[in-house]
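Notebook open, structure loaded. I'm going to poke around and jot down what I find as I go.

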Amino acid sequence: MSAVGGHTARRKQPFRRLDKPWARPRGVAEVLERWRADGTWRNVVWSHCLGAHEASIVSMPPTLASGVARALQQRGICELYSHQGRAFERASNGKHVVVATPTASGKSLCYNLPILQALASDPTATALYLFPTKALSRDQEEALRAVVRDADLKVGAITYDGDTPNDARRVARQRAGVLLTNPDMLHAGIMPHHTGWARLFSNLKYVVVDELHTYRGVFGSHLANVMRRLLRIARFHGSSPTFVFASATIGNPREHASRICGEPVELIEENGAPTGSRQVVVYNPPVVNAELGIRQSYIKTAVRLTQDLVRAGVPTLVFGNSRNGVEVMLKYLRDRLARDQIDPSAIHAYRGGYLPETRRRIEAALRAGEIRCVVATNALELGIDIGALDAVVCAGYPGTMAGLWQRFGRAGRRRDLSLAVLVSSSNPVDQYMARHPRQLISAPIEHARIDPDNIEILIQHLKCAAFELPFEPEDVYGDVPSDALGEALDYLADNGVVHPTSTAAGSIYHWASDSYPANNVSLRSASWDNFVIIELEGNRTIAEMDWRSTHTMLHEQAIYQHEGGQYQVERLDFDNHKAFVRRVKPDYYTTAMTHSKVTVLEQDQGATIDLGEVPLDAGLGEVSVVEKVVGYKKIKFHTHENVGYGEVHLPEMQKHTTAFWLTFPEDFVQSQPEPRAVVVDALRGLSKAMHVVGAVGLMIDPRDLGRTLGSCNEDEASPVATKSLYGAPPSKGKGPGFDPTIFLYDSVAGGIGLASRLFEEREELLRRARHLIESCECDEGCPGCIGPDASGDDEPEAARKRLVLGLLDAVGVSATH
């Protein structure tokens with residue numbers, strides 16, 4: 001694929017194989033043969049080969065402007081893939097379209113081509129590109145500028161974000177034909193000042209929303225309201241833009257795109273791009289402790305498999321699920337491959353938190369083929385152009401099928417055999433996938449879910465919309481019904497935010513407050529107030545960190561890992577958002593311990609689960625979740641031994657969200673023959689199984705669903721009980737008790753409807769949890785079902801797994817097969 005995503009007659013090889021002894025091209029096939037011969041293959045629980053796919057080609061549109069056609073020909077693009085041709089035809093005819101084809105299928109040309117044609121036909125036309133990250137904007141800007149220049153189009157393509165200098169911002173307002181930005185900047189920096197952007201909005205022909213699949217949950221709900229405001233402003237300036245969406249594979253692309261823009265959207269999902277055959281392998285590390293069900297480290301396993309690939313000259317991308325995991329794997333790979341005289345600079349990490357210049361340097365080196373192996377977080381799931389890769393290794397299941405295939409799609413950009421490996425961790429969802437690996441190709445892809453009419457989000461954006469333009473009697477706000485819009489505006493008027501003026505046609509609502517509403521609305525659930533990381537020697541800024549991650553990665557005495565190096569946090573200036581670090585060479589890294597407390601604020605619904613002798617109370621409502629980092633562990637490099645602890649003193653993190661809860665009566669707990677601590681710990685194990693089957697059943701990332709065990713009544717929490725709310729074992733029957741309550745809550749502040757769906761399926765949830773526990777091959781509970789024993793009880797008769805099943809028997813829960 002070219003820089004603009006088309007079919008090329010001659011393809012560059014960005015990952016060119018360097019002329020060094022270690023880089024002789026032996027390829028994926030030889031590595032697979034070696035794994036079969038040396039015993040590695042015995043831990044492969046599933047292997048499947050996806051066949052090659054031939055290209056479906058169509059001719060260039062005869063109406064295409066000669067300058068645009070010439071610019072594409074210079075890049076070797078003489079024909080289009082079939083999905084690119086269909087996208088050009090429909091978008092050029094003013095149809096809203098969503099292109100949902102796999103990674104590296106040339107989706108960028110699907111929106112670039114109709115826009116280049118529009119700019120060639122009408123030099124005053126404008127287009128707005130929205131990307132979820134700054135890196136994507138910069139990546140597309142570079143490619144688009146080159147094509148615009150070679151097509152002799154007299155328009156500019158400019159990125160407008162927080163890194164844009166003031167001079168460039170003025171040029172963007174006055175002369176940009178194509179404006180590339182992100183939803184946050186559009187929301188807070190452009191639309192509130194739309195009169196200064198009259199040229200853009202009055203000539204707006206196209207709006208591009210790339211990486212549509214990333215806009216889900218609260219972020220997607222906010223974006224849908226931003227689009228409602230955008231269309232309102234466009235109508236005011238006399239334009240009616242066409243939307244072009246680009247998405248990786250999700251289960252509901254047409255529905256999702258339509259909810260984002262509020263209008264019908266046509267779907268293009270038949271992929272015309274060629275792909276080579278791809279070998280998909282699921283590797284489950286061997287069990288090293290059968291009693292506890294603990295497996296060999298998936299981090300070290302992923303490193304070992306990647307080492308084999310890099311030695312064989314296979315350009316490889318390794319995905320980790322956390323920043324710490326990525327940096328640990330980077331260090332291990334550099335240490336191991338140094339023995340083969342492989343330059344450490346040939347192996348790089350790519351993750352959030354790197355400074356813009358660091359990210360661009362790594363991206364340029366990737367495209368130039370100077371890097372042999374990349375270790376990345378989900379930052380590289382998005383469509384940043386990093387050239388050709390032959391193998392992808394996922395260290396752990398990313399949480400969703402869509403995310404996994406987005407990662408796997410990074411390999412196989414050529415027609416040769418490529419390799420996609422999933423290395424399962426001991427995490428329950430990973431083990432579920434290892435036991436049911438055929439789901440990787442048979443299970444439905446997750447749906448992207450949003451709720452743009454969530455009352456809290458809607459009211460926030462109505463304030464922003466009223467600030468931008470008064471609401472006229474016949475005004476519309478997306479697809480919000482007129483009576484609902486009127487009620488919401490009257491509510492704002494009652495609170496003095498807008499001022500209604502009566503006219504013969506109806507009321508006009510004017511903004512009546514001194515505040516700037518967009519400043520108080522964050523589109524993302526996490527704060528954008530990043531902390532900067534400053535190296536004490538040289539007093540230079542080396543990276544940045546978001547507010548949430550700072551608590552776990554930048555507390556004092558933490559080992560912060562950056563580009564394979566280790567830095568100790570000497571001081572955290574929390575008020576001024578600065579962390580001061582010093583370069584060190586420790587033999588360990590740190591990982592934070594976080595405890596959660598849930599408090600019920602208001603119960604919206606209640607029900608009784610009456611399946612046996614003991615009825616259980618179930619509830620759904622608003623809760624407060626307080627998370628606190630209480631300490632950290634020191635983990636020795638390579639052996640992963642725990643070599644020490646430390647305390648952390650940082651403020652609590654609080655959010656309001658929605659939760660489903662299930663309460664077990666204290667009388668029932670006390671009636672069990674086992675000590676109370678053992679019974680409560682068994683319920684904690686049940687909560688883990690419920691979390692697993694809940695995440696799988698909802699088809700969500702497990703991190704979107706939080707869980708804890710506590711009390712649903714704050715006044716019942718004695719000092720002992722309160723301790724248990726933070727995750728420590730409760731008293732062994734001594735002191736006042738409480739009704740143990742399992743909480744499953746939406747991790748995103750405000751909630752996105754997960755808890756309500758669990759409440760509706762509460763009985764089925766328990767049955768599926770029982771089936772998961774019964775079908776697990778362990779004897780006493782393992783990380784793949786209910787987790788290891790945390791009760792602290794050393795009595796031999798405390799058989800945890802049998803106890804959990806016994807508790808489920810007592811409340812009448814049978815398995816669902």
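**Entry 1: F660 and the cores**

I clicked on F660 and looked up what touches it, skipping residues up to four places away in sequence. F660 contacts A618, G619, M690, I742, F743, L744, A755, L758, F759, R762 and L765. Note to self: this is a predicted model.

Next I asked which members of the largest nonpolar core touch the most other members. They turn out to be F660, L686 and M690, in a core of 119 residues. The element that gives the most to this core is helix 21 (residues 676–698), with 12 residues. Another core lies apart from it; that one has 39 residues, including A176, V207, L212 and I450. That goes with something from class: in soluble globular proteins, nonpolar side chains tend to be buried together.

**Entry 2: helix 25**

I went over to helix 25 (residues 800–810) and checked for burial. R800, K801, L803, V804, L805, L807 and L808 are buried there. What covers them? Helix 20 (666–670), helix 21 and helix 24 (762–775) are among the elements over these buried residues. After helix 25 comes G812, and I noted that its phi is positive, near 80°.

**Entry 3: the parallel sheet**

I traced an open sheet of seven strands and wrote down its order: 6-7-5-8-9-4-10, with parallel pairing. Which strands stand at the edges? They are strand 6 and strand 10 (266–268); each has a single partner strand, so one side of each has no neighbour in the sheet. From one strand to the next, the twist averages 15°.

I then zoomed in on two pairs. Strand 6 (residues 156–159) and strand 7 (residues 176–181) are parallel and share four bridges, and A157 has V178 in strand 7 as its bridge partner. Strand 8 (residues 204–209) and strand 9 (residues 242–247) also pair in the parallel sense, over four bridges. In that pair, V207 stands opposite F243 in strand 9. V207 is a name I had already written down, as one of the 39 residues of the other core.

How does the chain get from strand 6 to strand 7? Through helix 6 (residues 166–175), and the three together make a right-handed β-α-β unit.

I also looked for helices packed on this sheet. Helix 5 (residues 134–150) lies across strand 5 (126–130), strand 6 and strand 7, at about 165° to strand 6. Helix 7 (residues 183–190) touches strand 5 and strand 7, and its direction makes about 115° with that of strand 7.

**Entry 4: helix 9**

I picked S221, which is in helix 9 (residues 217–237). Is S221 buried or exposed? Its relative accessibility is 2%, so S221 counts as buried. Leaving out residues up to four places away in sequence, S221 touches I450, D451, P452 and I457. I450 had come up before, among the members of the 39-residue core.

Then I turned to the partner, helix 10 (residues 253–261). The axes of helix 9 and helix 10 come within 7 Å and cross at roughly 50°; these two helices are therefore oblique to each other. On the helix 9 side I listed G220, L223, A224, M227 and L231, which meet R259, I260 and C261 in helix 10.

**Entry 5: the mixed sheet**

Here's another open sheet of seven strands, in the order 1-11-18-17-14-16-15, and the pairing is mixed. Strand 1 (44–50) and strand 15 (347–350) are at the edges with a single partner strand each, so one side of each is left without a neighbour in the sheet. Neighbouring strands here are turned by 15° against each other on average, ignoring direction.

Inside this sheet I checked strand 17 (residues 391–395) and strand 18 (residues 418–423), which run parallel and are joined by five bridges. C394 has L422 in strand 18 as its bridge partner. Helix 14 (residues 401–408) lies across strand 1, strand 11 (278–283), strand 14 (316–319), strand 17 and strand 18, and runs at about 145° to strand 17.

**Entry 6: whole-chain tally**

Last, I zoomed out. The protein chain has 25 helices and 31 strands. Of its 817 residues, 58% count as buried. I also looked at contacts between residues at least 6 apart in sequence, and 75% of them join residues at least 24 apart.

Methods: Residues numbered from 1 in each chain as written. Predicted model: local features only at pLDDT ≥ 70, side-chain atom pairs only at ≥ 80, totals over all residues. Heavy atoms only, no water. Pairing = 2+ DSSP bridges. Right-handed = clockwise from strand over helix to strand, strands pointing away. Buried < 20%, exposed > 50% of the residue type's maximum accessible area, 1.4 Å probe, protein only. Contact = heavy atoms within 4.5 Å. Axes fitted to C-alpha atoms, helices over the stretch in contact; angles between N-to-C directions. Core = buried A, V, L, I, M, F, W, Y, C linked by side-chain atoms within 4.5 Å. Parallel < 35°, antiparallel > 145°, perpendicular 65-115°, else oblique.
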